[in-house]
Structure formats: C-alpha cells, structure tokens
Amino acid sequence: MSQQSRTASDEGALDLSRVKDVPTQVKSQDDRPLLVRPFADSCLHDFGFQWGGAEQVLAALVDSSRSPTVEFVAGKQELVSSKFATRETKLLFPGLKTNLQARMAVPFFSRVIPRRIPMDGRVICSSYAVARWVPTVEPRLIYCHSPMRQIWHGYDTYSGRRSPEGWALRRLAGRLRSVDLAAGQPNDLVLVPSARVADLVRKTYGVAVHGVLPPPVPRECFASSALARSMPGDYFIWVGRVVEPIKRLTALLQVFAQLPGLRLKIVGDGRSSTHLRRLAPDNVEFVGWRDPAAVRRLVAHARALILPSMEDFGLSAAEALALGVPVIATPLAGIASHLHHEINGIVAGAEVDQLTEAIRRFRRDDLAPAEEISRMAQCFSAESFAQGVEEAAGKLSWLS
C-alpha cells in the first residue's frame, strides 16, 4: 500500500499535500521561485532508483504543472526526496529497495496495482512500464515514454537472453500484455516523445496520441553551445547508462573494431560496464561517470555523438544538438525523426556494417555549423515543453 514520506524535516516542512486550486509558492528544479496555480494534483512515475532521461522528463512535468506531489511506484526515498525537495514525495511500494527488486516484482505489480483504490484528482502519469497500471478516477494526462519494451517491441531481444529475466518473460509476457492493454482508460490524453513512440502506441494499444512532445534539454546546453564552435576534438562520443541490450554498445564496439584509425569515448556507467570494457578494442575509451558540466565539455568538443541504441527518444542526442554537435543515429532511436540528414546529423542503418560505413564516411565540415545546429534544437527547449504540457492540460479542462 502507499506510504507518504515528507521531503523536508518535520520541523518547518512546507505542507503542499492539500494544495489544489489556490496559488502556491513552490520552486522549479533549477530553484526558481514560482507563485502559480498548480493544474495537476500529482505526478506519478514508474521507478526512482536512478536519475536518467525519463526522470529528467518527470522533473519537467512537475515544473510545468506545478504539481505539489510526486509519486513513484517504487524508488530510493533519499534520491527522490533530494530531487524534489520542495514537493511531497510518495512511494507506493516502499519495501522495494533496489531497481532489481522492482523489476522482479513486475508480475506482483500486475496483480496488485490494477486493484488499488483509484487515485483521485488530476494526475499526470509518466510511464515506460507499470505506472500507467495505476487506476485513477479522472482521465489522466499520460506522458508515455514507450510501451513496456520488454513485453512489446523489445520482446524478442529480452526474452531470448539466457537470464532469469528472459526465462520469466517467456512465461509471463502474455499475462503482462493483458494487464497492460486493460490499463488504458477512456478519455486519457497521451503525449509521446517521438514519432517512433507514437507509432508504437498506435500499434500496441490501438489509440491515437494527442501529440509528439520532445523532452526538454537543460538550459545549460544552449548556454554552452559556444564551446562547439572551437576546433572539435578527434574523437566520437557516446553518453548514457551502460546497459545492454537496449543501448547496443556491443554493436558499437564491433563498429570501432573495424575503424582502428578513429577514436570513441564512452561516457557513463552501468551494470554492463565491466563486461563491455573487456570487449572494447584499443581505440575505445571508457570515461566513466562525469558531472553534467564535464559531460557538456566532452560532448561539445566531439566530432559527433553516436546513438545506435533502441531509444524511445535519446535525450543525450538532443543535448548534443543543443550544444551544436551533430548526431549519428539509427532509426531505432526516436531522435532520428528530428535529424535532417547531412545537415545536423546522419541517420544510418542499424546493422553493424551500415553504421560502420556511415561513421567511416562522416565529415564534420559537410554538415551545418555549430550555431545552426544549436538553433535547430530550439524545439527541445524547456519553454516549448512547458507550452505543450499546458496545451494538453487545457484539453482536459484542467486550466479552467
């Protein structure tokens, strides 16, 4: 059952739990004071065990809606409390302490979550997994990062693995799909990050989306775009969580094994790091985790950012474009629909030989200058995102 956890100490804590229709002073994620009227009562997200692209989108949804409450199916209380220090945070299943435990609990969630007492009020649901299973009284604004990859469009990849997850998927996917299909509620309004996800939502759930709303990139990326106008470095770069199979880093290592004269920096960490380091050729450097400012500097001086991943969107690529750095992506990434071939990037084939050839032939001087690439990325601004969220809320009559 749900458990409420305050995000500040009991002494002097700011109680926003009952705020609904009165103007309230809260703070945005970049600590800007806002005296505004919340148009959502709660933002609900899948898991809060790490801070990746989906969680950055959640923060933007919270900012845009001024929601006083942020809820997670499961997560690390210390992490979510620190990220939403001026909001009230709740964990629906506080007994789950790790991401692995939460993933293993998905069959349990499929039986328990749909039977919960429906959430009341105006709920924004940010979901790539099980959050959309939580019933609500009123229609929801759903930001669907993707239908659950493991049971739908990524099923063959995940179920084919010799692992406990693969074994479980082969036996339980049918039930999980039934629950996922039944979770759709009449009059829900659905936003998606990319045209690719819009197609997946239509094919999976048989519903149309309200619109494509790309995730916002940090303002610091646009502010740092001048870095990319200096002489670029002699390396390509990849940024993200180092996890397989979704990131397809094994394929990327195979590509650079065929390109010994080119260099690749892999920035980030994750459960697949140790395994992939053993597979890496000499021209691939694992940089590890770096703070956001250091990542921006590394990306800004790269020849291009490469994204071979099965990405719902690809926020690291959008950040690179905002910096003025071109992107080489495959159609497996949602960001591909925002690339203008041979202007702000390259859309390459997904196979190893196709990607290898695209990187071999890449010439930075053949593409637009850095300032033009950054200008084209304004569709990823925080202002554009907030405007899109408010428009969707208006369709639900939340602004009246």
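This report looks at confidence and salt bridges in a predicted model of one protein chain.

The chain has an average pLDDT of 89, and 91% of the residues score at least 70. Residues 1-29 stay under 50 in pLDDT, and the model has 75 contacts beyond four places in sequence for this stretch. Where pLDDT is low, the predicted coordinates should not be read in detail.

Side chains of opposite charge can pair when their charged atoms come close. The model holds twelve salt bridges, including those in the table.

| Acidic residue | Arginine | N to O distance |
|---|---|---|
| Asp 180 | Arg 132 | 3.0 Å |
| Asp 312 | Arg 149 | 2.9 Å |
| Asp 234 | Arg 263 | 2.6 Å |

Asp 180 and Arg 132 form a salt bridge that links distant parts of the chain, 48 residues apart. Asp 180 belongs to helix 6 (residues 164-182), while Arg 132 sits in the loop between strand 7 (123-127) and strand 8 (141-144). Both Asp 180 and Arg 132 are buried.

Asp 312 pairs with Arg 149, and 163 residues separate the two. Asp 312 is in the loop between strand 14 (305-307) and helix 12 (315-323), and Arg 149 is in the loop between strand 8 and helix 5 (155-159). Asp 312 has 12% relative accessibility, which is under 20%, so Asp 312 counts as buried. Arg 149, at 12%, is also buried.

Asp 234 forms a salt bridge with Arg 263. Asp 234 lies in the loop between helix 8 (219-223) and strand 11 (235-239) and Arg 263 lies in strand 12 (residues 263-267), so the pair ties together parts 29 residues apart in sequence. Asp 234 is partly exposed at 47% relative accessible area, and Arg 263 is partly exposed at 33% relative accessibility.

Notes. Residues are numbered from 1 along each chain as its sequence is written. This is a predicted model: local features need pLDDT of at least 70, side-chain atom pairs count only at pLDDT 80 or more; totals for chains, interfaces and linings use all residues. Side-chain values use heavy atoms; hydrogens and water are left out. pLDDT is the predictor's confidence in each residue, from 0 to 100. Contact means heavy atoms within 4.5 Å. A salt bridge is a side-chain nitrogen of Lys or Arg within 4 Å of a carboxyl oxygen of Asp or Glu. Helices (H or I, at least four residues) and strands (E, at least two) are DSSP runs, numbered from the N terminus. Buried means under 20% relative accessible area, exposed over 50%, partly exposed in between (1.4 Å probe, protein chains only).
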